[in-house]
Amino acid sequence: MKLIYLAVPLMASLAVPVAAQQNPLDESHLNALDKNGDGAISKEEFNTFADFAFQKMDTNNDSVIAPDELDDHLVGDAFDILDDDGNGSVSEDEFMLQMNEDFADADKDGDGVLN
């Protein structure tokens, strides 16, 4: 895993009501993403959040995220980790790849949902 649970700090920085921390998802994080209230985060719910997060961070709407667009959302070497091709920007594909890896890592029992 390149970045431990990217979704957690993103949820906090994008005004989703959870605490910003680089820890595994806990119940409060799951509740914030559980839009249908079934007690679990489906891959679809997680991807909806990831798409929202990318759009929110792409402040100039150019379909890529530049380092200055991440300043308020992520810390440390997060940008370098997300920029797989090293071109100085993060495409939505690069971003979603990392989010999908984070989902898979968080899905400890492999059932396709986080609960």
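**Aromatic pairs.** I searched the whole structure, a predicted model, for aromatic pairs and found 3, counting rings of Phe, Tyr and Trp (its six-membered ring) as paired if their centres lie within 6.5 Å, with planes under 30 degrees apart called stacked, over 60 edge-to-face and the rest tilted. I looked up Phe54 and Phe95, whose ring centres are 5.7 Å apart with the planes at 55°, so I entered the pair as tilted. Phe54 belongs to helix 3 and Phe95 to helix 6, so this pair ties together parts that are 41 residues apart in sequence; helices here are DSSP runs (H or I, at least four residues), as strands are (E, at least two), numbered from the N terminus. I noted both Phe54 and Phe95 as buried, where buried means under 20% relative accessible area, exposed over 50% and partly exposed in between, with a 1.4 Å probe and protein chains only.

**Conventions.** I number residues from 1 along each chain as its sequence is written, and my side-chain values use heavy atoms, with hydrogens and water left out. Since the model is predicted, I kept local features at pLDDT of at least 70 and side-chain atom pairs at 80 or more, while totals for chains, interfaces and linings use all residues.

**Core.** I then turned to the largest nonpolar core, a set of buried Ala, Val, Leu, Ile, Met, Phe, Trp, Tyr and Cys residues joined through side-chain atoms within 4.5 Å. Of its 19 residues, Phe46 and Phe95 touch the most other members. Helix 3 (43-57), helix 5 and helix 6 each give two or more residues to this core, and helix 3 gives the most, with 6 residues.

**Helices 5 and 6.** In helix 5 (residues 78-82) I looked up Ile81, which counts as buried because its relative accessibility is 18%. From Ile81 to Phe95 I have 9.8 Å, C-alpha to C-alpha, with their positions 14 residues apart in sequence. In helix 6 I listed the buried residues, including Glu94, Met99 and Asp102. I also noted Lys43 over the face of Phe103, at 5.1 Å from the ring centre; the criterion is NZ of Lys or CZ of Arg within 6 Å of the centre and within 35 degrees of the ring normal.

**Confidence.** The mean pLDDT (the predictor's confidence in each residue, from 0 to 100) is 77 for the protein chain, and 69% of its residues reach 70 or more. Among the elements, helix 1 (residues 7-13) has the lowest mean, 57, and strand 3 (residues 90-91) the highest, 94.
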